[in-house]
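Colleague: Could you take me through this model, beginning with how the interior is organised?

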Amino acid sequence: MAGVLADAASCFVPVWRDRHLFREDGQGAASAIFLPADRAEALLASGAETSFLGLRDGVAHFALDLGHLNTPDHAPALAGLGDFADLRRIGPLLPRDEGAILAHARALVHWHGRHRFCGLCGGATRSEQGGHLRRCQTPDCGALHFPRTDPAVIMLVHDGGDRCVLGRQARFPAGMHSTLAGFVEPGESLEDTVVREVHEEVGLRVRDVAYHSSQPWPFPSSLMLGFYAVADADRLRIDPHELESAAWFSRKELEASPENDSFRLPRTDSIARRLISDWLNGLR
Ligand SMILES: [Zn+2]
């Protein structure tokens, strides 16, 4: 790992406090900025920590944690390259492979920042295995800590016919309606979580819970597991602590979505949108 880290061909993905370096092209697209080894050298010397992300076309890529810098824009190695921004904003503008690399880097850097001390004894931990493990440095503890992923389910509930349930949380962007979702609790199967969350949020009893697909959601460390579930088109009993509103919508209503502040569907790069689109297209 030390050899690859010192290799002049290696590539570094700068991460500053959950933000990535990118450049917008002014035409609605963006690209991530990766640093060549000679640019990263001074940043590594200033104390930036790295995590190995993998090989891309044979080139080693590392996440470069710049959280120790107060003003990264002032670092000579980064001057004039682009701006730091949140992946949630730039994700839809990026090529898919770049989005995946940034998601990996963000999740690892976030995890390192929150596991500097051992949860068992309180001693300091140190990064090992290329940044995929932290080991407690207290001699009679030595506990190993691995990166975490928190599973969450996200589900489109439909009536087996022409209507599905979408809801709104108060924190959503104006007009946005999305599928229901929630975190898996200890001891639950994914199917149990779908049944429980739907019942808690809108009061429906679902059946025929079926897996669709998944999406990493490193904000900060989730994996979204997408499902369909069927419920009778009964009246909803909405939990006001979870949802601002929820309702049954027909395919026709969703296909005619004005996509403005009065009503819009979830962002196009989200699994919620994929679940809705596939249902609209009759794939479910
Ligand atoms: Zn310990």
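**Cores and the last helix**

Modeller: In the largest nonpolar core, which has 31 residues, those touching the most other members are Phe12, Val13, Val15, Phe62, Ala63, Leu64 and Ala105. Such a core is a set of buried Ala, Val, Leu, Ile, Met, Phe, Trp, Tyr and Cys residues joined through C-beta atoms within 7 Å. Buried means that 20 or more other C-beta atoms lie within 10 Å of the residue's own, exposed that 12 or fewer do, and partly exposed in between, with C-beta atoms placed from the backbone.

Colleague: Which element gives the largest share of this core?

Modeller: That is α4, with 7 residues. Helices (H or I, at least four residues) and strands (E, at least two) are DSSP runs, numbered from the N terminus.

Colleague: Is this model predicted, and how are residues numbered?

Modeller: This is a predicted model: local features need pLDDT of at least 70, side-chain atom pairs count only at pLDDT 80 or more, and totals for chains, interfaces and linings use all residues. Residues are numbered from 1 along each chain as its sequence is written.

Colleague: What is Ala63 in contact with, leaving aside neighbours within four places in sequence?

Modeller: Its partners include Val13, Val15, Ala105 and Leu108; contact requires C-beta atoms, placed from the backbone, within 7 Å.

Colleague: Turning to α7, which of its residues are buried?

Modeller: In α7 (residues 271-280), Ile271, Ala272, Arg274, Leu275 and Ile276 are buried. They pack against β11 (150-158), β14 (207-217), β15 (222-230) and α6 (251-255).

Colleague: What phi does Gly282 take, just after α7?

Modeller: Gly282 has a positive phi of about 75 degrees.

Conventions: Contact = placed C-beta atoms within 7 Å.
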